[in-house]
Amino acid sequence: MSGLEAAAEVRTPTSTPVIPALSGAVPTSVDARAKRRIAALEEELDTLRQEKGSKQRKTTYYVAQGRAIRRMVALYTSLEDLIAENDRRCEDEDDSEANTSTQDRLQRGYIALAQALPWLHDKLTHLDIDDAEDMLKKVSVIMQLKRGADAARGDDTSTLKDLVASWVNQDFRPSRLLKSDDKHSRGFVHDVCGKLLCPAEWDWHSDSVKAGIRDRTVDYIVSENSWPLFVYEDYSINPDNLEQGLFRSKVLVQAFKATFTSPSSAREADGDGDGADILENNRRARRQLNQAKVKTCVRFALSSVTSWRTVDGDFDYEIFWNNIVDFFEAVPGPVAQCRVNKLLEWWTRKVFGRNHREDLTPDVVSKMSVTALADQRMALEDAAFDSD
């Protein structure tokens, strides 16, 4: 027998597996099977971790995007109501003249939403209503956006609660200083806060007015139907022209800056901004809804209400918000629109400053140091060339 034949005889019993008749299982090593199971579980765990990480990143993104909603779109209205109104209009295109003021307000809110979050409008446009998974994703996205929206509103009201107290103490020097952590001492029980919250048509300095408001008598009902004094320039009004100075107060500018630029920028509210370019390139100050949000939050900060709510006594914050939005967006005609545009331009300059780029003509630039230095360097080069 040759060596090759002997080797074949030796290998034959081990190279042919023994297959049991009943189970059909090919015998394998216990250790090998355990290792394969461990490897499969590790791979499954790694996949789950990746999916979880991706889901967390998406959740964080949607929550962050949602913070813009309560600041730039709607302070109270739900996303579902805005989306439903736009869907209704898409289905009833020929019935636009029959829309109510509430429906028009909702649609303006949806337009603001589409401008602030254009990707959301695109996602809703291409939604497959027959795909259950697609619908669940839509519900999940909206929930995350709402989380971010409500969180931003909570952060802003908390920030303004502290800042408004310091601004009142600094500008009015009240005998009883406001404490940042005490809301119970604010509202109409505090003389300065009471003055700022007092309806513009009443004189807070009158003892009868103070007593009537504090006792909540029927003759002095403080509601959203009156503009509070804090929204007026220098906190005073012209009874013959109630639009004069409206929405031009220092505390509103401070609150807007603290919310949309930075708290430190609110220290400078008397000038025309810091010189930044905004009129052509930055639209944040021109968003009317931003203005409404700030005014509503300032009213809350001045009040004695300790937690965010829609109604404070006889004052409905949601209707107050709607009144402000309607002032900017539901104007009676072009003359009023012109005044609104001027007011928004005032806000733009007040918050972000004005620029003079259009005055930088070639003649003016030619006399400035950058151009002058370039000319001098060229002259030195020419002189060195001529000397050679």
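These exercises work through helices, a pocket and a cavity in a predicted model.

**Exercise 1. Take stock of the chain**

Task: State how many helices and strands the chain has, and what share of its residues count as buried.

Solution:
- Start with secondary structure. The chain has 15 helices and two strands.
- Turn to burial. Of its 388 residues, 35% count as buried.
- Look at contacts between residues at least 6 apart in sequence. Of these, 64% join residues at least 24 apart.
- Finish with the surface. The accessible surface is about 23300 Å², and 52% of that belongs to carbon and sulfur atoms.

**Exercise 2. Find the buried face of α9**

Task: List the buried residues of helix α9, and explain why they line one face of the helix.

Solution:
- Locate the helix. α9 covers residues 207-214, and its buried residues are V209, K210, G212 and I213.
- Look down the axis. The buried residues of α9 fall within an arc of 165 degrees, so they line one face of the helix.
- Recall the helix repeat. An α-helix has 3.6 residues a turn, so residues three or four places apart point the same way.
- Identify the cover. It includes α8 (191-197).
- Step past the end of the helix. R216 follows α9, and its phi is positive, near 55 degrees.

**Exercise 3. Describe the largest pocket**

Task: Give the volume of the largest pocket and say which residues lie nearest its centre.

Solution:
- Take the volume. The largest pocket has about 380 Å³.
- Inspect the lining. It holds 21 residues, and F188, I213, R216, S304 and D312 lie nearest the centre of the pocket.
- Sort the lining by type. Nine residues are nonpolar, six polar and six charged.
- Link back to α9. I213 is one of the buried residues of that helix, and R216 follows it.

**Exercise 4. Place R299**

Task: Decide whether R299 is buried or exposed, and name its contacts beyond four places in sequence.

Solution:
- Find its element. R299 sits in helix α11, residues 288-302.
- Apply the cut-off. Buried means under 20% relative accessible area. R299 has 2%, so it is buried.
- List the contacts, leaving aside neighbours within four places. They are L197, V222, F230, D312, F315, Y317 and F320.
- Connect to the pocket. D312 is also among the residues nearest the centre of the largest pocket.

**Exercise 5. Trace the cavity lining**

Task: Work out which helix supplies the largest share of the lining of the largest cavity.

Solution:
- Count cavities. The structure holds one of 30 Å³ or more.
- Take the volume. The largest cavity has about 40 Å³ of space.
- Read the lining: W167, V168, D171, F172, L196, Y235, V251 and Q254.
- Assign helices. α7 (132-172) and α10 (250-260) each supply at least two residues. The largest share, four residues, comes from α7.
- Sort by type. Six are nonpolar, one is polar and one is charged.

Definitions and conventions
Residues numbered from 1 in each chain as written. Predicted model: local features only at pLDDT ≥ 70, side-chain atom pairs only at ≥ 80, totals over all residues. Heavy atoms only, no water. Buried < 20%, exposed > 50% of the residue type's maximum accessible area, 1.4 Å probe, protein only. Arc of directions from axis to C-beta. Contact = heavy atoms within 4.5 Å. 1 Å grid on protein atoms, 1.4 Å probe; cavity = no way out; pocket = protein on both sides within 12 Å on 5 of 7 lines; lining within 4 Å. Points joined across faces, edges and corners; volume = space filled by probe spheres on them. Nonpolar A, V, L, I, M, F, W, Y, C, P; charged D, E, K, R; others polar. Areas by Shrake-Rupley, 256 points an atom, 1.4 Å probe, with all protein chains shown as cover.
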